[in-house]
Amino acid sequence: MQTQFVEKETLTQDFLPLNGTDHVEMYVGNAKQSAHFYKTAFGFNTVAYAGPETGLRDRASYVLQQGKIRLVLTTPLKSEGPVMEHIKKHGDGVKILALWVDDAYKSYDETIKRGARSYQTPQTLTDEFGEIRTAGIYTYGETVHLFVERKNYKGAFMPGYVATEGGYQPAGTGLLYIDHCVGNVGWNRMNEAVKWYEDVMGFRNILSFDDKQINTEYSALMSKVMSNKNGYVKFPINEPAEGKKKSQIEEYLEFYEGEGVQHIAVATHDIISTVREMKVRGVEFLSPPPRAYYETLLERVGSIDEDIAPLQELGILVDHDEEGYLLQIFTKPVQDRPTLFFEIIQRKGAQSFGAGNFKALFESLEREQELRGNL
Ligand code: FE2
């Protein structure tokens, strides 16, 4: 498969330096039960909590961590308010992709002056562990980038949260950090979103796929990967393309009732043991590609360190680029609406996103879509 690398050299200073992803906050219908799912099935532990016991009247939030990945699960306690409105429209989904910065106030000013829409003006939160500064802007749909400055903070998460110790803390599954987070945008919206990341956030478009490259007999999509200057934060953006039938992106947009985060890719150093453990714990993955996929695997990607048998048994996909190869697998949606799902990825040199697997992946997704009557 041909991949178009786009290099745009800029000599300007990075006006929005990012240290990585700080956390991902999801709005969910029942945070207590979602926390149990992500702990039991994915291997997260609870590190902090905020709710009525800590003085919050309208919501409860559980902060889960595994490796460097922080997941915040927030649920409303009353029928009114922005969290409930979000859930009513979108179901469970990602509200905030929080970015770790050294200066939240400057990050806000720099992006607002370049055209960002404000979600939250800069504020400083303090407790006995120090101070945290945050500020937020909207990206696609109702999704938010929250800038989090925590260099003067030593607490579990943020002021307002109490550290959680002991209790039920299952063993991890080897998940290390967030590799990338993918957004789905509406028809003819991708280039606008790409330009927004370029102009407002100073990101670069490092990789593009058009509908000629990503298609099956039935559906197609276009995708562009946006990266910040140091490459610590990558946001691929998908747009549906015309096909014979409804694409998975259209299905997402219909059931999420708008644009939003499609998948969160989390990295592991040992995908075989991670996926095997997650399966034992009840995580559902997309059905494996046909046997032929593995019979021709080495011809496509060259030699790999792993045995084929466990990859085939678990349905793990392999792709390669000029720099190496990667192994990846996708979960089924993690809620009843066919919207958000997770990707497990192990990189062995490759810096791309598995475009060579898109066809195998889509055919698998379409089998699921057909079962839901949405193809
Ligand atoms: Fe991905």
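Before anything else, a word on the annotation I'll use: UniProt positions are given here in the numbering of this model, feature names are shortened, and annotations may be inferred rather than shown by experiment. With that said, hello everyone, and please keep in mind that this is a predicted model.

So, what does the record say? UniProt, in an unreviewed entry, lists "domain: VOC" for residues 20-150 and 177-332. Take residues 20-150 on their own: the span is 23% helix and 50% strand, and its end C-alpha atoms lie 12 Å apart.

Let's go to the metal. Which residues coordinate the iron ion? They are H180 and H263, each through NE2, and E343 through OE, at 2.0 to 2.2 Å. If you like to read such sites along the sequence, the donor spacing is H-x82-H-x79-E. The pair of H263 and E343 brings distant parts of the chain together: H263 belongs to strand 15, residues 260-268, while E343 belongs to strand 18, residues 341-348, and 80 residues separate the two. Are H263 and E343 buried or exposed? Both H263 and E343 are buried.

Now to the sheet. Here we have an open sheet made of 9 strands, and its order reads 7-8-9-6-2-5-4-3-10, with mixed pairing. Why is one side of strand 7 and of strand 10 left without a neighbour in the sheet? Strand 7 (117-127) and strand 10 (162-163) stand at the edges, and each has a single partner strand, so one side of each has no neighbour there.

I'd like to stay with strand 6 for a moment, residues 93-101. On one side, strand 6 runs parallel to strand 9, residues 144-149, and 6 bridges join them. Within that pairing, W100 has V148 of strand 9 as its bridge partner. Strand 6 also pairs with strand 2, residues 20-27, this time in the antiparallel sense and over 7 bridges. There, M26 stands opposite V94 in strand 6. As for solvent, strand 6 is mostly covered, with 8 of its 9 residues buried.

On to the charged side chains, which I suspect some of you were waiting for. Side chains of opposite charge can pair when their charged atoms come close. How many salt bridges does the structure hold? The count is 18, and I've picked three to show you.

Start with E149 and K151, whose side chains meet at 3.0 Å, N to O. E149 is buried, with a relative accessible area of 6%, whereas K151 counts as exposed at 51%. The cut-off for exposed is over 50%, worth remembering when you look at K151.

Next, K113 and E110 form a salt bridge in which the closest N and O atoms are 3.3 Å apart. K113 is exposed, with a relative accessible area of 61%, and E110 is buried at 12%. This pair also has company: K106, E110, K113 and R114 are linked in a network of salt bridges.

My last pair is R59 with D58, where the closest N and O atoms are 3.9 Å apart. A salt bridge is counted within 4 Å, so R59 and D58, at 3.9 Å, are included. Both partners count as partly exposed, R59 at 21% relative accessibility and D58 at 37%.

That's my tour: the iron site, the sheet and a few salt bridges. Thanks for listening, and I'm happy to take questions.

Terms used: Residues numbered from 1 in each chain as written. Predicted model: local features only at pLDDT ≥ 70, side-chain atom pairs only at ≥ 80, totals over all residues. Heavy atoms only, no water. Donors = N, O, S within 2.8 Å, 3.2 Å for Na, K, Ca; no water. Helix = DSSP H or I, 4+ residues; strand = E, 2+ residues; numbered from the N terminus. Buried < 20%, exposed > 50% of the residue type's maximum accessible area, 1.4 Å probe, protein only. Pairing = 2+ DSSP bridges.
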